[in-house]
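The following questions go through one structure element by element. Please keep the sequence and the model in view.

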Amino acid sequence: MQLINNNPIGFFDSGIGGISVLKVVRKLLPYENYIYFSDFANIPYGNKTSGYVDRRCEFITEYLIRRKAKVIVIACNTATANSIDKLRKKYNIKFIGVEPAIKPAAKITASKKIAIMATGLTTSSFRISKLVKMQNKNLKFIIIPCVSLVEEIEKKPTGNSKLTKKIRAYLDPAIKEGVDTIVLGCTHYSFVKDLITYEYNSKIKVVDANEAIALELKRDLT
């Protein structure tokens, strides 16, 4: 398959989280070229100020534009929630962001109770508040700021006892309230999706937005 435009698709995140998105995209679009920018020096974004995240996003965007990116995927929930609207106004390039898969979760929950795991800056953002308000009022959303979980996943994303304890500490209260669906509101959390399923058995549904992002990107490119 010959590409019409061989320029790369740019991805960025504060660390390895966006790789969970990139893996899904590469399976769907194997002939594309990619650049992945990981802002390790400034991880995590979730405990930074809004202005700080804006500046990092602008810096990375300009880097990817210089590398001839034809589209930029903000593979970070925090950066999307905080900065995507400003970036779209400032730069003449297509941005695709990631948002918690709240709408799909609303369709599959049986108990009508949904937990949303996210970073501090994401949980306090207007975008996540708007997404929740758009759903059925009969649903109950429990938003969980998962402080320091990103850093623990960066150390060992496949799981360890300390990571398991953190996840239990965040989710046990929500599970006791009857939550049957968990939304992963950070791309880093996709690396512990299987761990969460294992800890709470298969009755708990765990959803992320990775496949939806890949499909949106494919639609835009074709």
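Q: In which sense do strand β1 and β2 pair, and over how many bridges?
A: Strand β1 covers residues 9-13; strands (E, at least two residues) and helices (H or I, at least four) are DSSP runs, numbered from the N terminus. Two strands pair if DSSP finds at least two bridges between them. For β1 and β2 the sense is parallel and the count is five bridges.

Q: What is the hand of the crossover from β1 to β2?
A: The model is predicted: local features need pLDDT of at least 70 and side-chain atom pairs count only at pLDDT 80 or more, while totals for chains, interfaces and linings use all residues. Residues are numbered from 1 along each chain as its sequence is written, and side-chain values use heavy atoms, with hydrogens and water left out. A crossover is right-handed if, with the strands pointing away from the viewer, the path from the first strand over the helix to the second runs clockwise. Between β1 and β2 the chain passes through helix α1 (residues 19-28), and this β-α-β crossover is right-handed.

Q: Which residues of strand β2 point to the buried face?
A: In a regular strand the side chains alternate between the two faces of the sheet. Buried means under 20% relative accessible area, exposed over 50%, and partly exposed in between (1.4 Å probe, protein chains only). In β2 (residues 34-38), Y34, Y36 and S38 point to one face and are not buried, while those on the other face, which are buried, are I35 and F37.

Q: Which residues of β6 and β7 stand opposite A115?
A: β5 is joined to β6 by six bridges, and the two run parallel. β5 also pairs with β7 in the parallel sense, over four bridges. The partner of A115 in β6 is I142, and in β7 A115 stands opposite I182.

Q: How many of the six residues of β5 are buried?
A: β5 spans 113-118 and is one of the elements that the buried residues of α8 pack against. The strand is mostly covered, and its buried residues number five.

Q: Where does α8 bend, and by about how many degrees?
A: Helix α8 (residues 161-176) has 16 residues and reaches 21 Å from its first C-alpha to its last. That is close to the 22 Å expected at 1.5 Å a residue, where the expected span is 1.5 Å times one less than the number of residues. The bend at a residue is the angle between axes fitted to the seven residues ending there and the seven starting there. A proline, P173, follows within four residues of the bend, which is at Y170 and is about 35°.

Q: Which elements do the buried residues of α8 pack against?
A: The buried residues of α8 are L163, T164, K166, I167, Y170, L171 and A174. Contact means heavy atoms within 4.5 Å. The packing partners are β5, β6 (140-145), α7 (149-155), β7 (181-184) and α9 (193-200).

Q: Which peptide bond is cis, with omega near -5°?
A: Most residues other than glycine have a negative phi, and most peptide bonds are trans. P44 sits in the loop between β2 and α2 (50-66). The cis bond runs from I43 to P44.

Q: Is K68 buried or exposed?
A: K68 lies in the loop between α2 and β3 (71-74). Its phi is near 70°, a positive value in a residue other than glycine. With a relative accessibility of 54%, K68 counts as exposed.

Q: What is the relative accessible area of K112?
A: K112 is in the loop between α4 (102-108) and β5. Phi of K112 is positive, near 70°, and K112 is not a glycine. K112 is partly exposed because its relative accessible area is 41%.

Q: Which residues does R56 touch, apart from those up to four places away in sequence?
A: R56 lies in helix α2. At 17% relative accessibility, R56 counts as buried. Its contacts are D39, N42 and Y45.

Q: Which residue has its backbone oxygen 3.1 Å from a polar atom of the side chain of R88?
A: R88 belongs to helix α3 (residues 77-90) and is partly exposed, with a relative accessible area of 39%. Not counting residues up to four places away in sequence, R88 touches F95 and G97. The backbone oxygen at 3.1 Å is that of F95.

Note on methods: Polar contact = N/O pair within 3.5 Å; in protein donor to acceptor, adjacent residues only side chain to side chain.
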